[in-house]
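Thank you all for coming; I would like to take you through one structure this morning, beginning with its cysteines and then turning to some of its helices.

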Amino acid sequence: MTETTTRARGATEMPVYMRRNEFDPVPELTALRDGPRVAKVRTAFGMDVWAVTRHEDVREVLSDAGTFSNTLGMARMAMMDDLSDAERARMRAGNLLAFDPPDHTRLRRMLTAEFTIRRMRRLEPRIHEIVDEHLDAMEAKGPPSDLVADFALPVPSLVICELLGVPYADRDDFQRRTGQLLDMSLPMAERRRVGLESREYMATLVTRTQADPGEDLLGMLVREHGDDLSFDELAGIASLLLIAGHETTSNMLGLGTLALLRHPDQLAIVRDDPDAIEPAVEELLRWLSIVHSGTMKTTTADTEIGGVAIPKGDTVLCALPAANRDPRSIDDPDRLDVTRGAIGHVAFGHGIHHCLGAPLARMEMRIGFAALLRRFPTLAEVPGTADFRSFHVIYGMAKMEVTW
Amino acid sequence: MSGSTDQGHTEQGHVHVVADRDVCIGAGMCVMSAEDVFDQDDDGLVRLLVEDPADGTAVRRAVEGCPSGALRIAAEQTERTARARN
């Protein structure tokens with residue numbers, strides 16, 4: 001899709017914090033960071049908001065949920081739709097990103113136990129199996145292969161389905177819906193319709209789980225928190241985790257593989273040294289920063305960020321790719337160096353909304369990249385096939401053919 | 001929550017770390033940074049395995065990296081302050 005048709009169909013203009021030159025944030029964004037530091041930018045929907053661009057400032061904003069409110073930020077975004085208050089409340093129920101403490105704390109506490117490091121280690125053998133099955137299928141079919149369709153998308157999708165208790169057979173529908181929900185080029189009305197469709201699907205799953213709660217995450221929520229969580233909250237939590245669980249890791253696997261293929265010296269380190277994978281995943285997270293910005297936040301009081309006064313009631317967003325390549329926080333930030341080993345990046349956010357699934361995403365990437373590169377040591381990009389997906393809440397690849 | 005203060009006897013280079021479980025969101029970053037010092041309980045919240053860990057570098061990294069701000073170093077005993085207390 002060309003940018004012109006994109007603009008005509010959906011949001012008006014690609015905002016500066018979403019624009020990239022392949023792997024890099026555009027110079028206009030890094031100039032904001034290295035110049036005014038905090039500046040008004042126009043969002044895709046024509047609203048002017050403050051963009052926070054430096055690493056230190058982003059951490060400060062994300063650490064202060066009292067001043068920078070997700071609840072109010074979400075309410076402001078919602079003003080642009082035409083739902084009734086009751087419908088809006090239903091759509092919001094269970095969406096952890098739409099709440100501040102103590103409402104957020106209540107929901108998050110029900111989920112933390114499911115995403116501990118120890119819990120993830122128990123999933124490790126199953127993730128290995130899923131990765132190997134997909135690599136076997138690629139090998140059996142032979143090159144070329146669309147790495148996105150054959151590996152990057154199905155692996156995290158199957159993992160989150162099994163973890164949550166979503167039938168993988170329904171994947172065509174929910175993968176399409178998720179893609180559309182996060183596609184900024186689609187008209188708001190269409191995205192909302194898809195959102196409602198997605199909620200309905202989740203509602204049928206919740207009904208089924210309530211009748212017969214299994215061993216999966218949704219079953220656990222019904223068994224252990226069924227009295228405390230409303231039906232809409234259960235559907236909302238499941239919906240958020242399903243979306244977050246496959247779009248993000250999937251794009252990291254696709255984009256990360258391309259990044260390594262275009263930096264053969266770095267790829268060789270990851271492929272040949274088993275100890276290199278952990279720091280390499282952190283560096284890819286930092287360098288690629290596939291989430292352009294966190295959720296919008298609205299200030300609850302007059303405040304100040306990096307010397308810039310922000311009045312009460314204004315909206316603020318954090319430009320994560322700019323922050324993760326801030327030369328004030330890391331040397332030579334535009335260079336991909338898988339041996340850095342720094343985990344100070346904000347690719348998973350920071351503060352109370354720090355990505356719940358980060359330990360799962362890390363494990364999937366560690367297993368996925370290492371297994372892919374070792375299975376196909378001669379992996380190569382088919383020139384001209386890499387299709388960067390830009391106008392989307394999460395940056396990544398729409399398609400990318402590889403051979404070996 | 002740890003009720004400890006900075007009065008404990010710590011050797012040179014050791015740090016005294018305090019974890020606030022009311023603030024913790026269970027991200028597990030501390031376990032990644034220093035798994036000999038931090039663990040997560042059955043609810044996913046931080047549990048201190050050692051209150052005065054020796055590996056100050058890893059602990060400082062964990063404190064710095066903690067997304068929720070649940071960790072802090074209460075007192076760092078350099079050789080001089082440790083001697084003064086003794």
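How many disulfides does the count come to over all chains? Taking a disulfide as a pair of cysteine sulfur atoms within 2.5 Å, the count over all chains comes to 0.

Before the details, please note that this is a predicted model, in which local features need pLDDT of at least 70 and side-chain atom pairs count only at pLDDT 80 or more, while totals for chains, interfaces and linings use all residues. Residues are numbered from 1 along each chain as its sequence is written, chains are lettered from A and ligands numbered from 1 in the order in which they are written, and side-chain values use heavy atoms, with hydrogens and water left out.

As for the cysteines, the sulfur of A:C161 lies 17 Å from the closest cysteine sulfur, that of A:C355, which is too far for a bond, and A:C161 is buried at 2% relative accessible area (buried means under 20%, exposed over 50%, partly exposed in between, with a 1.4 Å probe and protein chains only). In chain B, the sulfur of B:C24 is 6.6 Å from that of B:C30, its closest, again too far for a bond, and B:C24 is also buried, at 9%.

Turning to helices (DSSP runs of H or I, at least four residues, numbered from the N terminus), α17 of chain A covers residues 358-375, and its end C-alpha atoms are 25 Å apart, in agreement with the 26 Å expected for 18 residues at 1.5 Å times one less than the number of residues. Of those 18 residues 16 are buried, so α17(A) is largely enclosed by the rest of the structure.

Definitions and conventions
Helix = DSSP H or I, 4+ residues; strand = E, 2+ residues; numbered from the N terminus.
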